[in-house]
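Good morning, everyone, and thank you for making time for this. Please have the sequence and the picture open while I talk, and stop me whenever a term is unfamiliar.

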Amino acid sequence: MSKNRELPEVNAGSMADIAFLLLIFFLVTTTIETDAGLNRMLPSGSDRADVKEKNLFRVSLNSNDELLVEDELIEIQDLREKAIAFLDNGGIAEGDGYCSYCKGERDAKSSDNPQKAILSLSNTRGTNYGVYVAVQNELVGAYNELRDREALRLYNILYTDLLTAYNTSELLNADKRVLKEQIETVRNLFPQKLSEAEITAN
C-alpha cells in the first residue's frame, strides 16, 4: 500500500514583500535623466522696435551647414572672434551710451555698446543640429570670454569661476549674496542678447 505524500508548498507571501522592497529600492536610488534644452531669452517686443541695423549681428545657417555672418561666408572657428569684435566695439564715442570698458575698434558703423548689441541667429529646416549647437556654443563663448575679462578686471577672478563657486560651494548666505551681486554686475556689462526671432532693424 503506497502512501500519498503531499508536496511542500512554497510560501509566496515573503516573495511579494521582497519584490516590493526591491521596487522601492530602485525607485529611491535611480536618477531620472531629464532633457536639457538651450536656455535663451528672446528680446521683448520693445527691444525689437528700437534696434538699429548697426546693433544687429546677423548669423545665418543654411541647409548645407554654411555659415553666413554679416553677408560674409566664414568658418565656425572664426565666428567667436567676429562676435567678440562686434560686442566689444563701443561705437558711441562720447555721451550717453559710451562704453568705458569696451576695448574694440570703436567703429561708428558697428554696435554702439554691449547693452544695445544683439546677436541674431537664423537657420533653415535642413540645418544639421550638431552644426547649429556648435554655432550656439561659439556665440555663448564670445559672451563668456568678454565676461571673463571683465570679472578679472573687477574681481580678479574669471566669470566662469564665479558661476562655479556660486553653484557648487557650500557658502554662507552672505557670501552667496556677494557672489550673486558680482555675477549680476558682470552680466550687466555684457548682457546676453542672443535672439532666434526674426528682427527687423531701422
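I will go through the sheet, the helices that lie against it, a surface patch, and then some salt bridges. Please keep in mind throughout that this is a predicted model.

Let us begin with the sheet, which is open, has five strands in the order S3-S2-S1-S4-S5, and shows mixed pairing. At its edges we find strand S3, residues 72–74, and strand S5, residues 194–195, each of which pairs on one side only. As a general reminder, strands of a sheet pair through backbone hydrogen bonds, and they do so either parallel or antiparallel. Here strand S1, residues 56–61, and strand S2, residues 67–69, run antiparallel and are joined by three bridges; in one of the pairs linking them, Val59 has Val69 in S2 as its bridge partner.

Now, which helices belong with this sheet? Helix H3, residues 79–87, lies across S1, S2, S3 and strand S4 (118–123), and it runs at about 160° to S1. Helix H4, residues 129–155, packs on the sheet as well, touching S1, S2, S4 and S5, with a direction that makes about 175° with that of S4.

Turning to the surface, Met15, Ile18, Leu22, Phe25 and Phe26 make a nonpolar patch of about 530 Å². One of these residues, Ile18, has its place in helix H1, residues 13–29, and counts as partly exposed because its relative accessible area is 46%.

Finally, how many salt bridges does a search of the whole structure find? The search finds nine, and I would like to show you three of them.

In the first that I have chosen, Glu53 pairs with Arg58, with the closest N and O atoms 3.3 Å apart; Glu53 is partly exposed at 37% relative accessible area, and Arg58 is partly exposed at 27%.

Next, Glu145 forms a salt bridge with Arg80, where the closest N and O atoms are 3.3 Å apart. This pair links distant parts of the chain, since Glu145 sits in helix H4 and Arg80 in helix H3, 65 residues apart.

Then there is Arg149 with Asp88, whose closest N and O atoms are 2.7 Å apart. Here too distant parts of the chain are linked, with Arg149 in helix H4 and Asp88 in the loop between H3 and S4, 61 residues apart. Is Asp88 buried or exposed? With a relative accessible area of 5%, Asp88 is buried, because buried means under 20%, whereas Arg149, at 21%, counts as partly exposed. Both residues also belong to a network of salt bridges that links Asp88, Arg149, Glu150 and Arg153.

Methods: Residues are numbered from 1 along each chain as its sequence is written. This is a predicted model: local features need pLDDT of at least 70, side-chain atom pairs count only at pLDDT 80 or more; totals for chains, interfaces and linings use all residues. Side-chain values use heavy atoms; hydrogens and water are left out. Two strands pair if DSSP finds at least two bridges between them. Helices (H or I, at least four residues) and strands (E, at least two) are DSSP runs, numbered from the N terminus. Contact means heavy atoms within 4.5 Å. Axes are lines fitted to C-alpha atoms, for helices over the stretch in contact, and angles run from 0 to 180 degrees between N-to-C directions. Patches are made of residues with over 30% relative accessible area and no salt bridge: like charges are joined within 9 Å, nonpolar side chains (Val, Leu, Ile, Met, Phe, Trp, Tyr) within 5 Å. Accessible areas come from the Shrake-Rupley method with a 1.4 Å probe; for residues, only the protein chains shown count as cover. A salt bridge is a side-chain nitrogen of Lys or Arg within 4 Å of a carboxyl oxygen of Asp or Glu. Buried means under 20% relative accessible area, exposed over 50%, partly exposed in between (1.4 Å probe, protein chains only).
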